[in-house]
Amino acid sequence: MNAPWKSGMPGNNRDPFAAYICDENALDVLRPVVIELGWAPEKCNKGGLRNAIQSLSVSASPNILLVDLSESGDPLNDINSLAEVCEPGTVVIAIGQVNDVRLYRDLLASGIHDYLLKPLSATALRDSLNQAQTVFSAPRTGDAETVKSHVSTAIVGTRGGVGASTLATSLSWYFASNKHLSTALLDLDIHFGTGALALDLEPGRGLTDAIDNPSRIDGLFIERAMIRAHDNLAILSAEAPINAPLMTDGAAFLQLEEEFRQAFEMTVIDLPRNMLINFPHLLNDVNIVVLATEMTLASARDSIRLLSWLKTNASHTVPIVVANKVQAGTAEISRSDFEASIERKIDFTIPFDQKGAATAAKLGQPFIEANSQSKAASAIKSLGERIISGVDQQPDDDADVSKKSLLGSFDLKSLLAKKPKPVSPVAATAD
């Protein structure tokens, strides 16, 4: 509610002020102050918080809203209900009869601009409303000359089960815990995401609420909706019912990324590959794409397709290819053949650690935290360092040109190990 709103911005046609007051005495004090400030006294309505919620659910919110909590039995809970119908940018001033410091602090923490006690005085009202007006002339976060640097990273798996979500949670934890960077983890697997589960957290309704009401996304919404996993790590995820399809044009995702840039130093997006099909604009402001793959025929094919897609649709991003769950001597395709097929080097190789994964799951910790001394964790930390450094060079397209590429006429099946043909007895005798 209380995100700064610039009244001079194009498209801001909202009323400058509205009030919902329970008693006539308070209205008699309020109306002259409202007229003095140049607002319409007709906007001073009879009725308290419930009337405000009912009215604002079907009409635009004013710039400044004065609401009476006198008839509210649970002010904090009712204020949260008001927040659900109040548009971003509205400055809310509450009035009430309860003189309690704890309530005052809780109301301010919930996003209320000020809390005034009854009986109202014209002076207190005038001061509070004048202060509310100054909010609109304050610079919006990010408008300052010095903007906080931000790195946004998307983790995309070439196939299901390659460990993209494990990388996303581990990298987020590394940035927040080891590097002390404020980090947001956005798990966009709306129905089956495991980001919160890996951190032993309940996903909450934050992401589904954002998808349903993208216009309500602001700094206060982010603060309320995200679940804290660490002092520097917050996660936004969902566990939507599997009979509820994803109905969105993707506007909510763009707005979330924008708010993350203002509030955090790092954003890690666990991005299911199918989301690129429906919402290619998700990568508009992403700096780095970590392509998690495995040494299989299917992953080789899809690595080629995804790298080609990134080159065409998100050429501003820096791709980093990570071979995950690598087991020596068991890969369908050798590393050299895999690199020849995708026409670039694998940047990082993370060894398979089934025992470490089981330990992390049992402890409810990200892999990198539960197995901090393992070789796999060391590789993930190196990947994190590369991301923080802000990789600024694209892979060399001319590398290994002597090797044949899958993008040409190379047969995918030829990458698989071929069985030796049986030698006929006749040929053997002839030899």
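Both Phe260 and Phe264 are buried, where buried stands for under 20% relative accessible area, exposed for over 50% and partly exposed for what lies in between, with a 1.4 Å probe and protein chains only. I should say at once that this is a predicted model, in which local features need pLDDT of at least 70 and side-chain atom pairs count only at pLDDT 80 or more, while totals for chains, interfaces and linings use all residues. Residues are numbered from 1 along each chain as its sequence is written, and side-chain values use heavy atoms, with hydrogens and water left out.

Let me stay with the aromatic rings. The structure holds four aromatic pairs, and a pair here is two rings of Phe, Tyr or Trp (for Trp the six-membered ring) with centres within 6.5 Å, called stacked if the planes are under 30 degrees apart, edge-to-face if over 60, and tilted for the rest. In one of them, Phe17 and Trp39, the ring centres are 4.8 Å apart and the planes lie at 10°, so this pair is stacked. Phe17 sits in strand β1 (residues 17–21) and Trp39 in the loop between α1 (24–36) and β2 (44–46), so the pair ties together parts that are 22 residues apart in sequence; helices (H or I, at least four residues) and strands (E, at least two) are DSSP runs numbered from the N terminus. Phe17 and Trp39 are both buried. For Phe260 and Phe264, the centres are 5.7 Å apart and the planes are at 85°, so that pair is edge-to-face.

Turning to the nonpolar interior, the largest core has 47 residues, and those with the most contacts inside it are Leu188, Leu207, Leu271 and Leu283. By nonpolar core I mean a set of buried Ala, Val, Leu, Ile, Met, Phe, Trp, Tyr and Cys residues joined through side-chain atoms within 4.5 Å. Helix α12 (residues 297–313) gives the most to this core, namely six residues. Taking contact as heavy atoms within 4.5 Å, and leaving aside neighbours within four places in sequence, Leu207 is in contact with residues including Leu186, Leu188, Ile190, Leu236 and Leu256. Apart from this core lies another, of 35 residues, with Ala168, Tyr174, Leu181 and Leu185 among them.

Which residues does Thr169 touch, not counting those up to four places away in sequence? They are Leu185, Gly195, Ala198 and Pro366. Thr169 is found in helix α6 (residues 164–178) and is buried, with a relative accessible area of 4%, while its side chain reaches the backbone oxygen of Thr166 at 3.1 Å.

Helix α6 brings us to the largest pocket, since the largest share of its lining, five residues, comes from α6. About 780 Å³ of space lies in this pocket, and of the 38 residues that line it, the closest to its centre are Gly163, Ala164, Ser165, Thr166 and Thr194.

Last comes helix α13 (residues 335–342), in which Phe338, Glu339, Ala340, Ser341 and Ile342 are buried. The buried residues of α13 pack against β11 (288–293), α12 and β12, and just after the helix Glu343 takes a positive phi of about 60°.

For the chain as a whole, there are 17 helices and 13 strands, and of its 431 residues 45% count as buried.

Note on methods
Polar contact = N/O pair within 3.5 Å; in protein donor to acceptor, adjacent residues only side chain to side chain. 1 Å grid on protein atoms, 1.4 Å probe; cavity = no way out; pocket = protein on both sides within 12 Å on 5 of 7 lines; lining within 4 Å. Points joined across faces, edges and corners; volume = space filled by probe spheres on them.
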